[in-house]
Amino acid sequence: MTTFLIRRLIQMVLVTIVAAVISYGLLYVQPGGPIDVLLAERQNSGANRINEADIQRVMQRFELDLAVPVRFSRWLIGWPKGPIFGSVGADWVVGCATPGQVRLRYPDGRVEIVEEGCEKTVTLADLEGRKVSGGVVFGDFGESQVMLRGRPVTDLIWSRLPYTLYLMGGSTLLAILLAVPLGVYSAVKQYSRFDYIVTTIAFIGTSVPSFVFGIFFILLFSVLAQRAGLPYLPPGDAVGVRDYTIPLIGMVEAGSFLDRFLRVLMPCGVLTIISLAGWSRFVRGSMLEVLQQDYVRTARAKGVREQVVILKHALRNSLIPFVTLLAGVLVTIFSGALITEAVFNWPGIGRLFVDALSRNDYNVAMAILFINVILLLLGYLITDVLYTIVDPRIRLS
Amino acid sequence: MSMFSKRSIAKFMTLGLLTPVLAACGGAPAAAPIKETVVVIQTTAPEVQTVVVEATADPAQPVVGEAFSTPHPILSDAKVRQAIAYCTNRPELIASVYPWLSEEDQAALVMDTNLPKGHWAAATDGITTYAFDPAQGAALLDEAGWTLPEGAQVRENADGAPLSLSFTTTNAQFRQTWSAVFIQQMAACGIQIIPTYAPGSWWFGSSTGLARRDFELGAYAWVGETDPKGSTLYACNQIPLPSNNWEGQNYMGWCNETASNAIVAANNTLDTDERIKQYGIFQQEFTKDMVSLPLFNRSEAAAATNRLSNFKPDPTEYQTGNVEEWAVSDGDTVVIGLTQEPASMWTLIESSAVQRVAGYLTGNNGGQGWAFTSYSYDYQAKALTELPTLENGGAVNSEVEVTAGDKVWNTAGEAVELAPGVEIVNAAGETVTYESGSVTMKQLAVTFTYKDGIKWEDGESLKSADFELGNKIDCDPASGSVSLSICESRQGVEFTSDTSYTVTYLPGVQWPEYMIYTLSAYPSHQVLADGRKLADVPASEWQNLPEITEDPLSIGPYILESWEKGQSMTFVANPNFYGGEPKVKKIVIKFIADTQQAVAQLLTGEVDVLGTETLGAGAEVETVLKAAEAGEVQGFTIASPTWEHIDMNLFVK
């Protein structure tokens, strides 16, 4: 077990670094970015036009003037901060502040100016005095570059995490508690009316996108219900900003437990339905497979009670594949639901991630991606360990 | 046994097939170009030129430069371009995207020139208008040699070449919708349009699409402003070419000397009447040559609860521009929905619309929305006693003698010491290269005077030290300021009282919007949580100061009480506001990323105000306007400053 864990931990470190390299690279190769935003401002912009010095300042703020490996290293481990040991490599070139330009005169007379080389380089000595994080591997995710400019990324994540845990934890727990019995019952009563209903609902749940569910719920339980004078649910947010009155319930105080409870119902309901649909189908399929095994038939032949056959002989074995499915739960609970959070204006990590990507806040986006990778790997590790518990035939060694 | 095996024959045949392909791909090695290093220079301002109005040049004539010097076989003919304009039924395009607007509102969106109707510089006299007239369009095409053969759908010229043009725009649904109608309109005139709906990242990319003039007909939008500017878009020296590293935004390749001189002159004079005259000349040429077909202003909507009065949405001012005038008939709180959260309350480093909406509540660091407003494409004094202008004596544009060694503003828009070789604009408006002796230049001095009784939220009066601190911090590159052009163009600031100062610019500086370039004001007396005085904190630390970025001392109508990150900001009325404590006692700004959610919150009464920044022009607008018709909320539609147009590329690569 110990050997297994050590081996897996080493593998996890390697996978984390590879995943970090890839996601970091992908984030920076995507079109757009702060310089494009800046150049767009240059359009027809008169006195506040952007000049080369302005571009250099913005590039420096986002570290875009450093070579990607150097930038990555500073993000990952907070190094290099300047010349090594204070003086070595002070003049080593680590980036380019102003790209060089070359005018090409073709023999046919055409003239073209292209970027080539570097007009003004950035050396290790230039890095001295620049802000740098302590490195994400040491738990320092740096500062937000746009959304909460100049303040720690962790501040942003901590401000959103409770809401995501509250929403995702609730819906995941609810989905598991409902999916397993529904899937089992559906399998045991295969081709019954109940099975058909559950299967149909599951198909709808898996095929309808969450935002459609979300909008439908808001329309039905919020807008139309309120217009009809019926009790209604607030359409969004995690907490209200002023008191409101709901028919039959009365005055709801903003920020009260009731206010928060009413607001979580719809997003939690949507997420539960979506998870429930897929998971109940999965448990049903797995259970059906197990129910056809010889040992189940043998148990029945021996006269074991049907309830014992299902719960003791079949259920435990059918849950083995389900455990693998749960590996992703850890990361889901942390990272939130991108679409659902946006539709219900839930101030969670999912919405934060979408905002960070759309506003080029690389440090925030990378922090969430990095944490997701670690949680996913941890999830797989836990799954492997859980395997040995649900299936005694499996040994970690 | 044959001489060649089947395998050998197959190899020869493969080689035979591949050889021409390889030859086509590679071909003969191209002759190596000669490389010359280019000195990277500061991005230059539009070149200042002598104002000499000359006869209209033929826009189809090749511009300087080898690439893009071949006139477009179809679009270089003005008759074809004008025919396209006559064949375009703009009201029909508008109706396709804004079916919920009344005919009257739709008609108000039609653009005839590059400036929206009602703009102070929009010309009405002498411009060529192109009301929908397919018969006139067909006649022009016939005249240009593009005739419609019997039974054919597409016109042809004498050589049998079809009148076919590519049309590029973004893949946004909005543009695809009106483009589909445009294509049908062109087909009715015998013009075949081949559309390309490209991703915005390509069409607006810094080295693709529009920036590389990779189009024949190209549709996109410009955003109109109070000051029309325009020289970077239409002047002859702003045509992007490979030989100038694609600098400039005159993507059509249009060089009309009269128009170019007029637009440059309009941007380089401070006399309002002269500016109106020059913009008028420009618009006459612009509409006559028809190199860019103005289509329509976009429509934007805003909505407010019926409880709110004095809500005033405007195309060029943010919704909270008059927040101190708002009043509610029931309750004391107004909730505003915004799609984004401001990154910072510090105006200097955050320029987003959401920051301005929130910043106006606390005085926006003494800037726009507090010192002055910009309603209806014009400026109005607010905390200023009046806008200083040359006409009212608040600004003086005197003539000064400069000699070698004096600091001046050159034509490239840089503060430099006058020395031989420096290019400047003299007092007569001529661009001259300094050699020796003295030169007479224009020097601008502007005096800003604020109303009496202005106080910070803690009761401390506004004083000259606050403006001095504003000047010091805003002009320090370490503060994080994006552009320092205005700072660099100042020669000095002289304070005549706590609420009056004169900004003197370097000789050669002629900012057309000089009347709004006020100094920021920061509370120099404020003591920070760590015991330091704000005035003693270096600029490099300001963007991390909570007292600046998260809870600035207010000089505006409201005080920021709390900020729940990711959720809302709560403001309470400022009893020390110079205009008196506002009637609405509390304003909450909620961050609602999704517009549909925002509309749901408006309809259920969770939110009271959705400005144009939030509601925009999406499909949700129709829902809101229907609710407004039913009397549930107040709905407003305004002509957005953003206007759609179709550029016509006069040259081929």
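## Strand pairing in chain B and helix packing in chain A

In this predicted model, strand β12(B) and strand β17 (residues 438-449) of chain B pair in the antiparallel sense, with 9 bridges between them. Within this pairing, T403(B) lies opposite S438(B) of β17(B). Both strands belong to an open sheet of 4 strands in chain B, ordered β12-β17-β19-β18 with antiparallel pairing. The edges are held by β12 (395-403) and β18 (490-497) of chain B; each has a single partner strand, so one side of each is left without a neighbour in the sheet. From one strand to the next, the twist averages 25°.

In chain A, the unreviewed UniProt entry annotates residues 161-383 as "domain: ABC transmembrane type-1". Over this range the chain is 76% helix and 3% strand, and the end C-alpha atoms are 24 Å apart.

Two helices of chain A make a contact described below.

| Helix of chain A | Residues in helix | Residues in the contact |
|---|---|---|
| α1(A) | 2-29 | R8(A), M12(A), V15(A), T16(A), A19(A), A20(A), S23(A), Y24(A), L27(A) |
| α15(A) | 362-390 | Y362(A), A365(A), M366(A), L369(A), F370(A), V373(A), I374(A), L377(A), L381(A) |

The axes of α1(A) and α15(A) come within 10 Å and cross at roughly 150°. Because angles over 145 degrees count as roughly antiparallel, α1(A) is roughly antiparallel to α15(A). Their crossing is right-handed. The residues of this contact comprise 15 nonpolar, 2 polar and 1 charged.

Definitions and conventions. Residues are numbered from 1 along each chain as its sequence is written. Chains are lettered from A and ligands numbered from 1 in the order in which they are written. This is a predicted model: local features need pLDDT of at least 70, side-chain atom pairs count only at pLDDT 80 or more; totals for chains, interfaces and linings use all residues. UniProt positions are given in the numbering used here, feature names are shortened, and annotations may be inferred rather than shown by experiment. Helices (H or I, at least four residues) and strands (E, at least two) are DSSP runs, numbered from the N terminus. Axes are lines fitted to C-alpha atoms, for helices over the stretch in contact, and angles run from 0 to 180 degrees between N-to-C directions. Angles under 35 degrees count as roughly parallel, over 145 as roughly antiparallel, 65 to 115 as roughly perpendicular and the rest as oblique. A crossing is left-handed if the near helix is turned anticlockwise from the far one by less than a right angle, and right-handed if clockwise. Two residues are in contact if their C-beta atoms, placed from the backbone, lie within 7 Å. Ala, Val, Leu, Ile, Met, Phe, Trp, Tyr, Cys and Pro count as nonpolar, Asp, Glu, Lys and Arg as charged, and the others, Gly among them, as polar. Two strands pair if DSSP finds at least two bridges between them.
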